[in-house]
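User: Please take a close look at one helix of this model and set it in the context of the whole chain.

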Amino acid sequence: MQNNKRLIDQTAEWKALERHWQSLSGTRMRDLFARDPVRCERYSLSACGIDLDYSKNLVDQEAMKRLMALARAADLSRWGDALIGGEKVNSTEGRAVLHMALRNLGYREYRHEGRDVMPGIRSVLSRMRAFSDDVRAGRWLGYTGQRIRDVVSIGIGGSSLGPRMVCEALRPYQDPGLRVHFVSNIDGAHLGRTLEDLDPASTLFVIASKTFTTQDTLTNAVSARRWLLDAMGNEAAVARHFVAVSTNAEEVQAFGIDADNMFEFWEWVGGRYSLWSSIGLPIALAVGMERFEELLLGAHDMDEHFVREPPETNMPIILALLGIWYLNFGGCDSCAVVPYDQYLEHFPAFLQQLDMESNGKRVTRDGVPVTYQTGPVIWGQVGTDAQHSFFQLLHQGTRLIPVDFILPLCSHHPLPGHHEKLVANCFAQAQALMRGRTEAEARAEMEQLGLDEARIRELLPHRVFPGNRPSNMLVFDRLTPRVLGSLIALYEHKVFVQGVIWGVDSFDQWGVELGKQLAGHILRNFEEIACTPGVDCSTASLVRRYHLADCNGED
């Protein structure tokens with residue numbers, strides 16, 4: 001696919017937005033609400049079970065019009081067609097990107113190099129259903145004939161972050177008789193702590209690795225295999241306690257896993273978009289294949305919304321453009337994501353990989369250095385915990401940080417008096433960020449409390465909130481598998497739209513590779529490492545310090 005070598009910040013549309021930010025930046029959102037009684041309705045929309053209220057943003061109709069013009073200048077619709085059409089939009093790796101095909105429960109056609117990919121996808125889904133049904137029903141037994149009670153998924157990056165996040169989010173739908181655990185860190189504490197309370201006879205391992213050569217994953221897998229064999233004493237046990245999600249049948253079989261127990265996926269499935277594929281096998285084991293397919297259906301709903309809906313009412317496009325508005329014109333280099341749902345505690349971490357690995361790029365698809373910011377820092381925590389940690393900075397700090405609030409209106413655990421307080425806190429935080437507290441309001445409040453004038457003057461600067469802090473509010477009735485699928489796909493498409501506008505390849509991740517290569521070089525020379533052109537003196541000194549550590553001493 002042909003790229004456009006002109007940087008987006010050289011367009012007339014970009015220049016117009018720079019000027020409009022300058023004219024609008026002094027406006028207070030309070031005044032925008034006061035001037036427009038229907039502002040909330042004007043800046044709200046619903047799609048796929050999710051309601052988005054973006055009225056608490058420093059935008060007006062002119063800003064949205066100019067942001068839409070910027071999307072057209074970046075040829076967004078052409079790139080969207082290329083994504084759906086199976087073109088190699090991952091240009092640096094020469095790959096198509098077809099994660100939407102994985103959740104295509106409708107009749108849309110997806111082709112890769114002229115071939116229909118849907119029969120292969122449906123075949124894998126069918127095998128996932130058969131296997132997960134057998135495990136959950138107790139038909140798949142361990143080597144000694146015991147029923148599987150624990151599943152340990154071993155992977156790294158997208159092979160772990162997505163399934164782990166979804167399994168936690170859908171915990172109310174899990175079978176209490178089958179626990180699912182995730183191990184990703186090569187730190188032995190992660191695997192050791194996970195295994196210490198498990199019974200090898202009733203534990204199933206899912207090894208998730210596209211190449212089956214990833215160092216972190218294979219190191220953990222080999223240690224898990226040793227743990228199993230120490231208990232079982234027979235190599236034949238591996239075939240009953242290990243399955244693989246991979247594309248490398250040869251390495252899988254060399255490990256001892258039966259080829260019939262390998263669930264394939266394809267090179268056009270990127271790691272951070274892979275939970276929809278057989279990488280999602282732990283999800284199917286945890287909640288059942290019917291719920292997994294509801295998750296796929298929710299994502300498919302959002303795919304169709306993204307493909308069919310015009311930009312002005314397209315939820316992913318609007319979120320993407322608002323993010324660009326603040327990052328590139330408002331100087332906001334980070335965005336907070338705050339789910340008011342304990343089950344979404346891993347959602348900010350999932351979005352960190354999705355967003356920052358996708359768009360944390362300093363050159364365009366053509367290798368031209370960008371002259372503008374890309375890829376904001378994504379961070380966050382569940383509310384109300386977040387209110388007692390970093391919200392002070394959001395309200396009164398020197399940085400302008402947009403916030404995405406995510407809130408289910410109904411709880412899976414309706415304890416008396418709990419959920420209405422959670423909801424009230426979420427709405428209040430968004431209102432406080434937008435409205436702030438003026439000097440006059442702070443003074444009036446202290447006067448009502450009976451403080452004397454000297455004390456009022458002393459406290460006044462500390463009790464003023466500047467306000468005008470932007471936020472989006474995403475609400476839905478209940479966090480179901482289908483709604484979760486829509487929510488994840490919403491952010492996937494948002495990231496894609498931003499990458500198109502910035503002109504970067506959102507689907508490669510070359511920045512991940514250098515550290516892996518250098519780690520391999522250090523390990524190969526670990527015992528005799530020295531300061532060389534390939535190893536700086538600081539690193540060599542640190543390795544020598546490692547060798548001097550007393551790791552066998554007493555605590």
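Analyst: Buried residues make up 52% of the 555 residues in this chain, which is a predicted model. The part chosen for the close look is helix α5, which spans residues 76-84.

The buried residues of α5 are Leu76, Trp79, Gly80, Ala82, Leu83 and Ile84; buried here denotes a relative accessible area under 20%. These buried residues pack against five helices: α4 (61-73), α6 (99-102), α14 (289-308), α15 (315-329) and α21 (481-502). Just after α5 comes Gly86, whose phi is positive, at about 80 degrees.

The surroundings of the helix may now be described at the level of the chain. Its secondary structure amounts to 23 helices and 13 strands. The radius of gyration is 26 Å, close to the 24 Å that the globule rule gives for 555 residues, so the chain is as compact as a globular protein of that length. Along the principal axes, the C-alpha atoms fill a box of roughly 80 × 60 × 60 Å.

Contacts across the sequence can be treated in the same way. Of the contacts between residues at least 6 apart in sequence, 74% join residues at least 24 apart. In the case of α5, the packing partners include α21 (481-502).

Surface and charge complete the account. The accessible surface of the chain is about 24800 Å², and carbon and sulfur atoms contribute 49% of that area. The chain carries 57 positive and 70 negative side chains, and the centres of these two sets are 4 Å apart.

How values were computed. Residues are numbered from 1 along each chain as its sequence is written. Side-chain values use heavy atoms; hydrogens and water are left out. Helices (H or I, at least four residues) and strands (E, at least two) are DSSP runs, numbered from the N terminus. The radius of gyration is taken over C-alpha atoms; the globule rule is 2.2 Å times the number of residues to the power 0.38. Buried means under 20% relative accessible area, exposed over 50%, partly exposed in between (1.4 Å probe, protein chains only). Contact means heavy atoms within 4.5 Å. Accessible areas come from the Shrake-Rupley method with a 1.4 Å probe; for residues, only the protein chains shown count as cover. Lys and Arg count as positive and Asp and Glu as negative; His and the chain ends are not counted. The place of a charge is taken as NZ of Lys, CZ of Arg, CG of Asp or CD of Glu.
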